[in-house]
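Here are a few short exercises to work through with the model open beside you. Try each task before reading its solution.

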2 protein chains.
Amino acid sequence: MRAGERAYATLLDEIQSGTLSPGMVLGEVEQATRLGVSRTPLREALRRLASDGLVVQTSPRVTVVAGIDVDDIRALFELRRALETEAARLAAARAERRVFAALAREFADVDTVDADSYYSLIARFDAAIDNAVDNAYLSGALRSVRTHLVRVRRMARDNPQRLTASAGEHELIARAIAAGEPDLAAHATHVHLHNAVSTILEALTEEHS
Amino acid sequence: MRAGERAYATLLDEIQSGTLSPGMVLGEVEQATRLGVSRTPLREALRRLASDGLVVQTSPRVTVVAGIDVDDIRALFELRRALETEAARLAAARAERRVFAALAREFADVDTVDADSYYSLIARFDAAIDNAVDNAYLSGALRSVRTHLVRVRRMARDNPQRLTASAGEHELIARAIAAGEPDLAAHATHVHLHNAVSTILEALTEEHS
DNA sequence: ACGGCGCGTAATGTATACACGACGGAGGTC
DNA sequence: GACCTCCGTCGTGTATACATTACGCGCCGT
């Protein structure tokens, strides 16, 4: 793998996992040394992260890890709602029904509260949507949203009962897509995202108090 | 201005204007020499263009200007519809009414068929939407769509009567936002985009025959 | 004659050297 | 004593030199 790719992947993971916290300064020389690459590929990694919106240049000389506040989360979910409701609508019109029928069954069978395996199921669901929608522009926009979403999920660790509810909501969405009902798929997605962001914002305001 | 920025801006303009046509190979050394910068900033420019989707790496060694076909246009407009209907909806809830009332009047007053000045009005309308929506994530996604849209507009030069119709559609959208009617703004945007993409696709299929 | 392997070349990936600009500290002056 | 200015230093922007890798061509073997 190329050095620039490695540096990007490493920094991305560290930012998403919180190892590098918001506000932390990322100097070229410092990070290049730490990651064992030279400044050229590291610069490439930093620029990619900046265009992703995960780091920001606060001054012409200093790049810091971007923070996420409540307003960012609201804004992110506005975009996510626009993209995912449309994606669900298109998927309902185009998807192979069996794929989503199978996914609906998997969501119905979720009983463990293991967040990691649940998120991995979500990832497969997202991939199935991307595949069904078959739209590179839309998938690209969704990829960007999901990149940020990882950090949001980390900030507000979902509670087990929210995960259970989420599984039920996803089951409905998957069933709607499998049944070829665009409106239902879109509206179920809207509802799901409303519930998700409400839970997250509640968890955060609690935490602050 | 930084060399990498200049190189990016120049290449972006040349790709959007068609000076660099789809399929054209962009070698690092060749382009660096032509643009009078060294390979390092040029590589940065190429990577940004690649992440924008304006160039693609066909093999590990050759970067070419991306093409746009009819399916791409359909896909682009699906994303555009998702983003702009939501943006119009949010703008209707948030915008300063006077701004959009003034824009509605400008659209009503359009009578010249000068495409350049019309597109400049569109650009101000887009900026007003971005400003009203106040959502960096959504604006970022829209910026990407608009980048590609420039090329699509060039491919299918709008005819004067379509521009007149477009002005009317925009007037309605602006009035809906000024009136604070989210549903009307969203649906009028949906209609506008439907008409826009239909015209473009018709123009292209004619051209091919 | 066709296919595979190996070498040469060319282009990209990476490292480093150089240059410019900005920030901070210290010294001088008012 | 405080403020302004100048110089030093650090960090990034760019260029270039070096390493690496992939592709093509030719040769050899089958």
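**Exercise 1.** Which helices of chain A and chain B each supply at least two residues of the surface near DNA strand D?

*Solution.* A word on the material: this is a predicted model, in which local features need pLDDT of at least 70 and side-chain atom pairs count only at pLDDT 80 or more, while totals for chains, interfaces and linings use all residues. Residues are numbered from 1 along each chain as its sequence is written, and chains are lettered from A and ligands numbered from 1 in the order in which they are written.

Step 1: chain A offers α2 (28-35) and α3 (39-52), and chain B offers α1 (3-17) and α3 (39-52), each with at least two residues. Helices here are DSSP runs (H or I, at least four residues), numbered from the N terminus.

Step 2: α3(B) gives the largest share, three residues.

Step 3: 17 residues lie around the strand, and E28(A), R2(B), A3(B), S38(B) and T40(B) come nearest. "Near" asks for a C-beta atom, placed from the backbone, within 6 Å.

Step 4: sorted by class, this surface holds five nonpolar, six polar and six charged residues. Ala, Val, Leu, Ile, Met, Phe, Trp, Tyr, Cys and Pro count as nonpolar, Asp, Glu, Lys and Arg as charged, and the others, Gly among them, as polar.

**Exercise 2.** Find how chain B is laid on chain A.

*Solution.* Step 1: a turn of 180 degrees with a shift of 0.0 Å along the axis does it, at an RMSD of 0.1 Å. The superposition is by least squares on C-alpha atoms of residues with pLDDT of at least 70 in both copies.

Step 2: the two copies are therefore related as by a two-fold rotation axis.

Step 3: in chain B, A82(B) has the C-alpha nearest the axis, 2.8 Å from it.

Step 4: both copies use the same surface, as 94% of the contact residues of chain B recur in chain A. Contact means C-beta atoms, placed from the backbone, within 7 Å.

**Exercise 3.** Describe the side of chain B that touches chain A.

*Solution.* Step 1: 18 residues of chain B are in contact with 18 residues of chain A.

Step 2: in chain B, α3, α4 (70-94) and α7 (136-155) each supply at least two residues of this side, and α4(B) has the largest share, eight residues.

Step 3: its classes are ten nonpolar, four polar and four charged residues.

Technical notes: Contact = placed C-beta atoms within 7 Å.
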